[in-house]
Amino acid sequence: MNSGCPETFQSSQQTQQRIRGRRFQDRHQKIEQFRQGDIMAFPAGAAHWLYNEGNEEVVLVVLEDASNNANQLDQTSRRFFIAGNPQQGQQQQGSQYGGSTMRREQFRSGNVFNGFDIEILSEAFGVGREMARRLQGQDDMRGHIVSVQERLRVIRPPFSQEEQGQYGRGPMTNGIEETICTAKVRENIDNPSRADIYNPRAGRLSTVNSFTLPILSFLRLSAARGVLYRNSMMAPHWYKNAHSIIYITRGESRIQIVDHRGRAVLDDQVREGQCLVVPQNYAVVKQAGNEGCEWIAFNTNDNAMINTLSGRTSAIRGLPLDVIANAYQISRDEARRLKFNRDETLIFSSNRRSPRSYERVIGLVDETNTTSIA
């Protein structure tokens, strides 16, 4: 939710209550429901809460971008809570200020109200001192993840109606959201029918960028969801305008990363739960193991552009045969095979090779536009 946005959800007259002789009607901002495979975008500084009302554990993969224009302090991610006592739910570590680390007993954290005077809070909210003290959460030992005793009673439409309203109609404008309060903040990329690239023998890749989720143009981020079947490969490729943060959600894959000088900086099996960073203009190739591989990738550009080194849309495919033959000192027939043997675009099916037998693909990447992650 965003501070200053209108309370667009309100209870009906049938659900109104009487408190101290006055009719009470609850109102709050719009509530979004999420499910497996959803990408959710939160603008910097937006207060939000999450509630698991299902029967299964919710696993969230979170990316916080501290280097965007919204962070005016430094490249440090800072979160603050407006409820609870977060220090009870996480291990306290020293806080870095001015180059010196403050010891744990010298620095205590809590929710944002903890630092205000009780009298000030009492006056600001028009409540008594005890209520103001409870806002500070000093006696709350639950941490920042709490159990709800009863199901949350909030105002929302049925999930099916929300889905129909959100996905059933095409865009009503030119794709630019009018206000941050009404912006679409969720897009599901787990549905196979939504895949941008699909090979029934190899896997699929689904992407979300500022064209499909316009709020990402404010965050300057995009994302992708990849699935490789057994022993399948994602072609050697590089992002020309973004770093890529990859988190493996299932299975394993052999991943090789090569820098712009042709040096291998990574050649390893990456498994479920592991994360790696591929800097801009570093070439990367993935080949799934016997159990396949699935991942989520976050890119540091709202319209990340991918280039391939092999396959139907690759840099090699665009070169004349004689250029390829002379560049690699091979015959024209060999150049033809190198250029046309792989007719797939990005997701390659297994070519009856072991996942550990790789053929090195040599490509030229422009050195003038490279960036590394500090």
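Strands in this report are DSSP runs of E covering at least two residues, and both they and the helices are numbered from the N terminus. Under that convention V258 has its place in strand β13. The model described here is a predicted one, and the paragraphs below move from the whole chain to particular residues, pairs and spaces.

**The protein as a whole**

The protein contains 6 helices and 18 strands. Of its 374 residues, 36% count as buried, while the accessible surface comes to about 24500 Å², with 48% of that area belonging to carbon and sulfur atoms. When contacts between residues at least 6 apart in sequence are considered, 68% of them join residues that are at least 24 apart.

**V258 and its surroundings**

The residue named at the start, V258 in strand β13, has a relative accessible area of 27% and is therefore partly exposed, since that label covers values between the 20% limit for buried and the 50% limit for exposed. Leaving aside residues up to four places away in sequence, V258 touches R263, A264, V265, Y282 and A283. The C-alpha atom of V258 is also separated by 6.4 Å from that of V284, a residue 26 places away along the chain.

**The largest cavity**

V284 appears again in the lining of the largest cavity. The count of cavities of 30 Å³ or more comes to 2, and the largest has a volume of about 70 Å³. Its lining is made by L205, A224, M234, H237, Y239, S244, I246, V278, V284, K286, W295 and A297. The elements that give two or more residues to this lining are β12 (233-239), β13 (244-258) and β16 (283-299). Which strand provides the largest share of the lining? That share, 4 residues, comes from β16.

**Salt bridges**

Side chains of opposite charge can pair when their charged atoms come close. In this protein the count comes to 17 salt bridges, and three of them are set out below with the distance between nitrogen and oxygen.

| Pair | N to O distance |
|---|---|
| K184 and E187 | 2.8 Å |
| D190 and R225 | 3.1 Å |
| D322 and R332 | 2.6 Å |

The bridge between D190 and R225 ties together parts that are 35 residues apart in sequence, because D190 lies in the loop between β8 (186-188) and β9 (197-199) whereas R225 lies in strand β11 (residues 222-228). Are these two partners buried or exposed? D190 has a relative accessible area of 17% and so counts as buried, and R225, at 13% relative accessibility, counts as buried too.

K184 and E187, whose side chains meet in a salt bridge, are likewise both buried. These two residues also belong to a network of salt bridges that links K184, E187, R194 and D196.

The bridge between D322 and R332 links distant parts of the chain, 10 residues apart, with D322 in helix α5 (residues 321-328) and R332 in helix α6 (residues 332-340). Here the partners are partly exposed, for D322 stands at 42% relative accessibility and R332 has a relative accessible area of 43%.

**Two residues with positive phi**

The loop between α5 and α6 also holds Q329, which has a positive phi of about 60 degrees although it is not a glycine. Q329 is exposed, with a relative accessible area of 76%. Another residue other than glycine with a positive phi is N231, where the value is near 65 degrees. N231 has its place in the loop between β11 and β12, and with a relative accessible area of 12% this residue is buried.

**A nonpolar patch on the surface**

Which residues make the nonpolar surface patch of about 430 Å²? The patch is made by F42, L50, V58, L60 and V62. One of these, V58, has its place in the loop between β5 (38-40) and β6 (95-97). At 34% relative accessibility V58 counts as partly exposed, and V58 can therefore belong to a patch, since patches are made of residues with over 30% relative accessible area and no salt bridge.

Methods:
Residues are numbered from 1 along each chain as its sequence is written. This is a predicted model: local features need pLDDT of at least 70, side-chain atom pairs count only at pLDDT 80 or more; totals for chains, interfaces and linings use all residues. Side-chain values use heavy atoms; hydrogens and water are left out. Patches are made of residues with over 30% relative accessible area and no salt bridge: like charges are joined within 9 Å, nonpolar side chains (Val, Leu, Ile, Met, Phe, Trp, Tyr) within 5 Å. Accessible areas come from the Shrake-Rupley method with a 1.4 Å probe; for residues, only the protein chains shown count as cover. A salt bridge is a side-chain nitrogen of Lys or Arg within 4 Å of a carboxyl oxygen of Asp or Glu. Buried means under 20% relative accessible area, exposed over 50%, partly exposed in between (1.4 Å probe, protein chains only). Contact means heavy atoms within 4.5 Å. On a 1 Å grid over the protein atoms alone, a cavity is a set of points where a 1.4 Å probe fits but cannot get out, and a pocket is an open set with protein on both sides within 12 Å along at least five of seven lines; lining residues have an atom within 4 Å of a point. Grid points are joined across faces, edges and corners, and a volume is the space filled by probe spheres set on the points.
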